[in-house]
Amino acid sequence: MPEFRDLPPNHLRIRIGVGNRIANNQTHFLVHARDFWMFVFTEGLAGSKSNILDIGSGCGRWAHWLRDYNFRGRTFTGTYVGIDIDAEAIAWCEQHYDKERFRFHHSTHSSVSYNQKGEASQYRVPEPDGTMDLVVSNSLLTHVLEAELENYLAESYRVLRSGGAIMHSHFNLDYPPASYGTRHNLPAHHRQCAGGVDGAAGSRRGLSHRLSVQCLPQVGFKDPEIVHMPGGAQHQPILLAKK
Ligand SMILES: C[S@@+](CC[C@H](N)C(=O)[O-])C[C@H]1O[C@@H](n2cnc3c(N)ncnc32)[C@H](O)[C@@H]1O
């Protein structure tokens with residue numbers, strides 16, 4: 001199908017979790033972020049001229065909306081910055097996005113799953129202080145450990161302008177996807193992940209409580225809340241807060 005010609009290769013799409021059902025994963029890649037951007041634009045969290053940082057940007061499932069966005073002749077003229085630990089995904093994006101609006105950076109975080117040759121849990125996003133209107137991540141926080149989580153929250157805060165917002169989706173123990181049923185031992189799994197590192201690991205409130213109540217005010221964020229996308233269960237809950 002012509003709509004599928006410009007997609008990133010299948011193995012990169014699989015890595016970001018589109019699933020592997022025939023024909024479905026292409027469509028998933030194309031439409032999945034629609035509810036997210038509709039929410040962002042209708043809530044005024046960003047506009048067509050905004051500067052947006054996407055941490056854990058993968059192979060562009062969020063970015064292609066901004067590259068190809070056209071609403072009554074208006075296109076995205078702001079700046080999108082993507083950060084990822086996956087060097088191959090970053091290289092693919094650099095080749096398929098215009099350099100006027102899109103920048104991509106490779107994070108040096110080390111990771112058992114993603115980058116065993118990484119160097120550190122601290123990574124300075126190569127963007128100046130106070131320049132971003134919105135910092136987003138989709139399904140990143142759940143994949144990182146304590147140090148990387150704190151690093152990215154601090155970096156989100158540093159690069160945001162005053163009044164700017166974060167929107168970080170994550171696996172939330174309070175709202176497990178219905179499809180999980182009883183197949184997974186959630187508290188045990190999340191004890192290994194960012195939200196479960198503290199004493200709340202055994203609690204079903206672990207992830208959201210830790211992120212919104214403990215981490216965010218410490219970093220400086222205001223008014224943290226968990227929001228749900230209009231698309232419902234197919235989306236992870238999003239941690240929204242303001243600088
Ligand atoms: C579930 S995928 C989501 C990708 C993208 N946000 C999307 O929705 O299409 C998680 C992404 O986080 C990236 N990632 C994992 N650990 C990271 C880290 N410490 N720093 C930056 N990116 C990381 C992975 O390489 C992967 O692209």
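**First stop: Arg161 and Asp133**

Begin by selecting Arg161 and Asp133, whose side chains meet in a salt bridge with 2.5 Å from N to O. Because Arg161 belongs to strand E5 and Asp133 to strand E4, the pair ties together parts that are 28 residues apart in sequence. Arg161 is partly exposed, at 34% relative accessibility, whereas Asp133 is buried, with a relative accessible area of 15%. Please bear in mind throughout the tour that this is a predicted model.

**Further salt bridges**

The structure holds nine salt bridges. Select Asp129 and Arg158 next; they form another of these pairs, and their closest N and O atoms are 2.7 Å apart. Asp129 sits in the loop between strand E3 (102–106) and E4, while Arg158 is in helix H6 (residues 146–159), so that the pair links distant parts of the chain, 29 residues apart. Arg158 is buried, at 14% relative accessibility. Now add Arg124 and Glu155 to the selection: salt bridges that share partners join Arg124, Asp129, Glu155 and Arg158 into one network.

Then select Glu88 together with Arg15, which form a salt bridge whose closest N and O atoms are 2.7 Å apart. This pair also links distant parts of the chain: Glu88 is in helix H5 (residues 87–96), Arg15 is in helix H1 (residues 10–15), and the two are 73 residues apart. Glu88 is partly exposed, with a relative accessible area of 37%, and Arg15 is likewise partly exposed, at 39%. In general terms, side chains of opposite charge can pair when their charged atoms come close.

**Helix H3 and its surroundings**

Move to helix H3, residues 34–42, and colour its buried residues: Asp35, Phe36, Trp37, Phe39 and Val40. Against which elements do the buried residues of H3 pack? Four of the names to show are strands E1 (51–55), E4 (132–137), E5 (160–169) and E6 (222–227); strand E7 (238–242) and helix H4 (63–68) complete the set. When viewing the helix, it helps to recall that an α-helix has 3.6 residues a turn, so residues three or four places apart point the same way. After H3 comes Gly44, with a positive phi near 70°.

**From H3 to His235**

Keep Asp35 selected and add His235, which is placed in the loop between E6 and E7. The side chains of His235 and Asp35 make a polar contact of 2.8 Å. Leaving aside neighbours within four places in sequence, His235 is in contact with His32, Asp35 and Met229. Is His235 buried or exposed? At 12% relative accessibility, His235 counts as buried.

**Strand E7 and its partners**

Continue to strand E7, where four of the five residues are buried. Show E5 beside E7: these strands run antiparallel and are joined by five bridges. To find one such position, select Ser169, whose bridge partner in E7 is Ile238. Then show E6, which pairs with E7 in the antiparallel sense over four bridges. Here Ile226 has Leu239 of E7 as bridge partner.

**The ligand**

Now select the ligand. Which residues are closest to the ligand? Of the 18 residues that surround the ligand, the closest are Gly56, Arg61, Asp84, Asn138 and Tyr152. Turn to the nitrogen atoms of the ligand: a backbone N or O atom of Gly56 lies 2.6 Å from a ligand nitrogen, and a backbone N or O atom of Ile85 lies 3.3 Å from a ligand nitrogen. Tyr152 contributes a polar side-chain atom, 2.6 Å from a nitrogen atom of the ligand. Taken alone, the ligand exposes 590 Å², and the protein buries 97% of that.

**Two residues with positive phi**

Finish with two backbone details. Select Ser139 in the loop between E4 and H6. Ser139 has a positive phi, near 55°, although it is a residue other than glycine. At 24% relative accessibility, Ser139 is partly exposed.

Then select Asp223 in strand E6. Asp223 is not a glycine, yet its phi is positive, at about 50°. With 60% relative accessibility, Asp223 counts as exposed.

Conventions: Residues numbered from 1 in each chain as written. Predicted model: local features only at pLDDT ≥ 70, side-chain atom pairs only at ≥ 80, totals over all residues. Heavy atoms only, no water. Buried < 20%, exposed > 50% of the residue type's maximum accessible area, 1.4 Å probe, protein only. Contact = heavy atoms within 4.5 Å. Salt bridge = Lys/Arg side-chain N within 4 Å of Asp/Glu carboxyl O. Pairing = 2+ DSSP bridges. Near = heavy atom within 4 Å. Polar contact = N/O pair within 3.5 Å; in protein donor to acceptor, adjacent residues only side chain to side chain. Areas by Shrake-Rupley, 256 points an atom, 1.4 Å probe, with all protein chains shown as cover.
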